[in-house]
Amino acid sequence: MRIDVVSIFPSFFDVLEVSLLGKARGRGILDVRVHDLRDHTHDRHRTVDDSPYGGGAGMVMKPEPWGEALDAIVADAAASPTLIFPSPAGERFTQSLARELSTREHLVFGCGRYEGIDERVFEEAARLGEVRLVSLGDYVLNGGEVAAMAMIEAIGRLIPGVVGNPESLVEESHEDGLLEYPSYTKPSSWRGRDVPPVLLSGDHGRIAAWRHDQQVERTRARRPDLLPAESVDAEE
Ligand code: ADE
């Protein structure tokens, strides 16, 4: 997969060189290219923002540098990309959206700052590929960079070959609509706390049933919004 990132803080993405994604880049599974939006300005101050038409607080990112930056990326791409703009006003980022995006050949992340990007940039970008405004959650970050990093990690680890043992992707939180079950390792007793005896029983049927019960119980306690309404009501 090819991933292009456009940001006024390209060094934010230096961490993509370490850990599993760094290894995937080294092995040629992931081709990540980070671009400085200011390289597409033409004034002495490398200006990327201006005051909003209609008034209001804050600054808006100007369309011209964005238009140039996105055109340059697409000019040098084989396939039509999916363009993702992290935004608190976007659709919610979920595991199922991560899975969907992990099948794309080319993703472009446009990281806005300030009060956002001139709306016409999204309309223009739609001429280049599918445009998605995507929110990490119902809170506001200072810009799209941290959100893009989180999405790149969630998407990248689903690409075949990035995570060494693909089975470890199956039993995770959100893959089956439930939170994951609790995990334990040696020693079996630590500071007076014992590992649940069923896990030492060797009875795989009982272990699977116990883990499923734990998943349902945790999901009900921490994230009842993930359960069908009738199953939550039934417990009350
Ligand atoms: N930019 C600012 N806040 C954000 C959020 N919650 N999700 C995605 N991008 C953002």
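Pro-187 is found in the loop between H5 and strand S8 (189-190). In this predicted model, a cis peptide bond joins Lys-186 to Pro-187. The omega angle there is about 5 degrees. Most peptide bonds are trans.

Two residues stand out in their backbone angles. Arg-191 has a positive phi of about 50 degrees, although Arg-191 is not a glycine. Arg-191 lies in the loop between S8 and strand S9 (193-194). Arg-191 counts as exposed because 5 other C-beta atoms lie within 10 Å, and the cut-off for exposure is 12 or fewer. Tyr-114 also departs from the rule: phi is near 55 degrees, a positive value in a residue other than glycine. The loop between S6 and helix H4 (120-125) holds Tyr-114. With 16 other C-beta atoms within 10 Å, Tyr-114 is partly exposed. Most residues other than glycine have a negative phi.

The chain is divided into domain 1 (2-165) and domain 2 (170-226). Their C-alpha centres lie 36 Å apart. An unreviewed UniProt entry places the feature "domain: tRNA methyltransferase TRMD/TRM10-type" at residues 1-227. Over residues 1-227, the chain is 29% helix and 19% strand. The end C-alpha atoms of that stretch are 34 Å apart.

The sheet comes next. Five strands form an open sheet in the order S2-S1-S6-S5-S7, with parallel pairing. S2 and S7 are the edge strands, each pairing on one side only. From one strand to the next, the twist averages 30 degrees. Helix H2 (residues 63-75) packs on the sheet. H2 touches S1, S2 and strand S6 (106-110), and the direction of H2 makes about 165 degrees with that of S6. H5 packs on the sheet as well, touching S1, strand S5 (82-92), S6 and S7. The direction of H5 makes about 115 degrees with that of S5.

Strands of a sheet pair through backbone hydrogen bonds, either parallel or antiparallel. Strand S1 (residues 2-7) and strand S2 (residues 31-36) pair in the parallel sense, over six bridges. Within S2, Asp-31 is the bridge partner of Arg-2. S1, helix H1 (residues 19-26) and S2 together make a right-handed β-α-β unit.

Helix H5 also contains Ile-155. Ile-155 is buried because 25 other C-beta atoms lie within 10 Å, where 20 or more suffice. Leaving out residues up to four places away in sequence, Ile-155 touches Ala-98, Leu-101 and Ser-102. The C-alpha atoms of Ile-155 and Arg-104 are separated by 10.0 Å. These two residues are 51 residues apart along the chain.

The annotated binding site was examined next. The unreviewed UniProt entry places the feature "binding site" at Gly-112, Leu-136, Gly-137, Asp-138, Tyr-139, Val-140 and Leu-141. Asp-138 sits in the loop between strand S7 (130-135) and helix H5 (144-156). Asp-138 is exposed, since 7 other C-beta atoms lie within 10 Å. Leu-141 also lies in the loop between S7 and H5. Leu-141 is partly exposed, with 15 other C-beta atoms within 10 Å. That count falls between the limits, 12 or fewer for exposed and 20 or more for buried. Neighbours within four places in sequence aside, Leu-141 is in contact with Val-146 and Ala-147.

Conventions: Residues numbered from 1 in each chain as written. Predicted model: local features only at pLDDT ≥ 70, side-chain atom pairs only at ≥ 80, totals over all residues. UniProt positions renumbered as here; feature names shortened; annotations may be inferred. Helix = DSSP H or I, 4+ residues; strand = E, 2+ residues; numbered from the N terminus. Pairing = 2+ DSSP bridges. Right-handed = clockwise from strand over helix to strand, strands pointing away. Contact = placed C-beta atoms within 7 Å. Axes fitted to C-alpha atoms, helices over the stretch in contact; angles between N-to-C directions. Domains from an automatic or database assignment.
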